[in-house]
Amino acid sequence: MNTFKRLKEFYWPHKGYFFWSILFLLLVTGITVVYPVILKFTIDNVILEGNFELVPYVAIGFFVLMALKGLFTYFHQYLGDLFGIKAVYELRDALYRKLQFLPFRYYDNARTGDLMSRLTADVEGFRFFLSFGFAQLINLVMLVGLSMGIMFYFSPSLALLTLASMPFLAVTVYQFDKKVHPAFTDIRKSFAGMTTKVQENISGMNTVKSLSKEDFEMGRFDSKNNDYKDKYVYTANIWAKYFPLMELIGQISVVVLLGYGGFLVINGAIQPGVLVAFFSLIWYIIGPLMNLGFIVNTFSQSKASGERLLQVLDEDEDILDKPGAITVDRLNGNVSFENVSHRYDEEEELALKDITFFAESGKTIGLIGATGSGKTSITQLISRFYEPDRGKIEIDGKTIDSFTIKSLRKNIGVVLQESFLFSSSIKDNISYGLPDAAMEDIEDAAKRAQAHDFIMELPDGYDTVLGERGMGLSGGQKQRIAIARAICIDPSILILDDATSAVDMETESKIQAAFREVMKGRTTFIIAHRISSLMHADEILVLDDGTVAERGTHDELLTIENGHYRRIYDIQFKDRHAVLQEAK
Ligand SMILES: Nc1ncnc2c1ncn2[C@@H]1O[C@H](COP(=O)(O)OP(=O)(O)OP(=O)(O)O)[C@@H](O)[C@H]1O
């Protein structure tokens with residue numbers, strides 16, 4: 001029950017719906033158990049005693065009761081549903097909020113499909129129990145309790161004998177739950193694995209098709225699908241084994257009732273109406289007890305779902321605003337690193353070792369080095385996507401955690417190698433960081449990013465809606481929209497992470513022109529593999545295995561004989577030389 005206790009904050013505020021729903025359920029149950037009593041009265045007091053003038057009244061009374069039962073069932077059902085729907089509405093919001101604030105560290109290992117299935121199937125599983133399972137459980141207790149009470153009132157000995165097999169039914173249901181709960185947890189896990197596969201496949205469709213791996217992908221999906229099927233078959237097997245057993249136990253008590261009850265009627269110990277009433281009442285006990293399997297099942301499913309939801313809600317939001325953090329409107333952009341070391345994982349090696357540099361406001365810093373040398377890590381620390389293990393990172397003379405995360409990041413514009421565009425209009429994509437931006441500001445950002453002209457050529461201009469991941473635009477066009485988005489927030493620090501590596505030379509030169517315009521008055525970090533992209537930087541840091549191996553301007557770095565930078569330059573220069581030679 002701990003899972004339910006811990007998720008109480010979501011459903012308890014809506015308890016009003018629940019209690020009203022339960023009140024109507026009480027009335028429904030009350031009417032249900034009155035039915036056999038009326039039956040007994042009709043047989044023993046109306047028919048056997050020949051009071052036939054009472055028949056119309058009994059019939060009308062019966063009809064009124066049934067009509068009321070229908071009305072009460074409607075309210076019980078509707079209010080119960082509202083209870084579940086309102087509770088999971090807040091739960092979904094809380095989960096989504098959590099996803100927004102979970103640190104990058106979490107997403108390094110998170111699987112999209114798995115998270116999607118938690119937010120959909122698991123939330124639904126939890127709702128189902130809130131809406132139906134809970135009420136069913138209460139209905140069970142009430143129906144069984146009232147029916148037993150009436151049975152004992154009419155004939156204690158017949159009630160005792162008839163109910164003798166019920167403990168066996170309870171034990172069987174308990175055994176069933178023990179087996180079915182882990183089976184349902186496995187089903188949920190398997191479902192998450194399958195959705196992850198589908199999501200990855202759709203996201204990576206370009207790669208799948210370009211390498212003709214459709215068959216391979218189908219095989220991989222088939223194994224996930226198979227696993228899901230097997231888990232279901234296993235669970236179905238548990239159901240199939242336990243259900244007939246439960247039914248058998250139920251039928252035994254009916255046989256006992258008919259045998260012993262018939263004997264009592266023949267001996268005149270009870271009236272026939274009592275036996276008829278017992279025959280209805282016993283089903284009000286067996287039915288719900290057998291249904292207990294189904295209720296336990298929804299309970300198990302929702303418990304498993306609730307656990308998976310709590311796993312997300314319990315994740316640490318370890319990068320938070322420090323108490324007293326200030327909100328800055330605009331930073332100047334003086335960035336300094338002092339002996340900063342960072343590792344992503346306890347077990348991993350240091351990704352950055354003792355990094356020290358100072359980037360004065362408005363200057364451009366180039367970061368170059370082999371893949372994995374730590375270039376992106378430096379920029380991620382500036383945005384406080386991760387906290388460094390050691391050392392001090394300051395902006396404008398204050399450690400970066402002195403600023404609220406929101407205001408810090410509002411001052412940093414980032415353009416990545418492959419920027420993500422949302423499937424909304426170009427206008428909305430550009431103003432994503434500043435939704436209130438005026439149209440002139442959006443156009444101005446687009447002009448400065450050299451994107452305005454091609455946007456105007458699109459059928460709906462700035463209102464053109466992009467497909468998922470910016471489909472329908474070329475790589476260079478997407479990149480220019482991403483640049484416009486980064487400058488729309490007018491950041492004082494700009495990070496260009498390999499922003500031009502995926503585009504052709506002509507587009508690159510256009511984007512470079514866009515950058516030169518955009519970089520004015522901002523501290524800019526350019527990560528690049530091509531020397532041409534960062535040769536004009538005020539300082540270039542050459543990274544090697546997480547350390548700064550060399551630093552200086554382009555000209556200074558070229559003077560270092562056998563230096564890393566010189567070597568990269570030679571390779572790129574010689575390439576160009578060879579191409580030019582070939583072209584002659
Ligand atoms: N999210 C992460 N989790 C764990 N390790 C990481 C993560 N990001 C980077 N690393 C590791 O940190 C080191 C530095 O990576 P980083 O991305 O900073 O290199 P880079 O120089 O930007 O490389 P590239 O040019 O390929 O983008 C690498 O060894 C990398 O494997």
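The exercises below walk through a predicted model, each with a worked solution.

Residues are numbered from 1 along each chain as its sequence is written. In this predicted model, local features need pLDDT of at least 70 and side-chain atom pairs count only at pLDDT 80 or more, while totals for chains, interfaces and linings use all residues.

**Exercise 1. Find how the span of helix α17 compares with the expected value.**

Step one is to locate the helix: α17 covers residues 475-488, where helices are DSSP runs of H or I with at least four residues, and strands are runs of E with at least two, both numbered from the N terminus. Step two is the expected span, defined as 1.5 Å times one less than the number of residues, which for the 14 residues of α17 should give 20 Å. Step three is the comparison: the end C-alpha atoms of α17 are 20 Å apart, which agrees.

**Exercise 2. Decide whether α17 is largely enclosed, and trace its part in the largest nonpolar core.**

A residue is buried if 20 or more other C-beta atoms, placed from the backbone, lie within 10 Å of its own, exposed if 12 or fewer, and partly exposed in between. Twelve of the 14 residues of α17 are buried, so the helix is largely enclosed by the rest of the structure; among them are Gln477, Arg480 and Ile483.

A nonpolar core is a set of buried Ala, Val, Leu, Ile, Met, Phe, Trp, Tyr and Cys residues joined through C-beta atoms within 7 Å. The largest has 62 residues, of which Leu367, Ala449, Ile483, Ala484 and Leu496 touch the most other members. The largest share of this core, seven residues, comes from α17. A second, separate core of 55 residues includes Val28, Leu163, Val180 and Ile249.

**Exercise 3. Place two residues that have a positive phi although they are not glycines, and state their exposure.**

Aspartate 354, with a phi of about 55°, sits in strand β2 (residues 352-359), and its 15 C-beta neighbours inside 10 Å make it partly exposed. Arginine 384, with a phi of about 60°, belongs to the loop between α12 and β4 (390-395), and with 19 other C-beta atoms within 10 Å it is partly exposed.

**Exercise 4. Describe the shell around the ligand.**

Begin with the 13 residues around the ligand (C-beta atom, placed from the backbone, within 6 Å of it), of which Tyr344, Ala351, Thr371, Thr376 and Ser377 come nearest. Then look for the main contributor, which is helix α12 (residues 375-382) with three residues.

Terms used:
Nonpolar A, V, L, I, M, F, W, Y, C, P; charged D, E, K, R; others polar.
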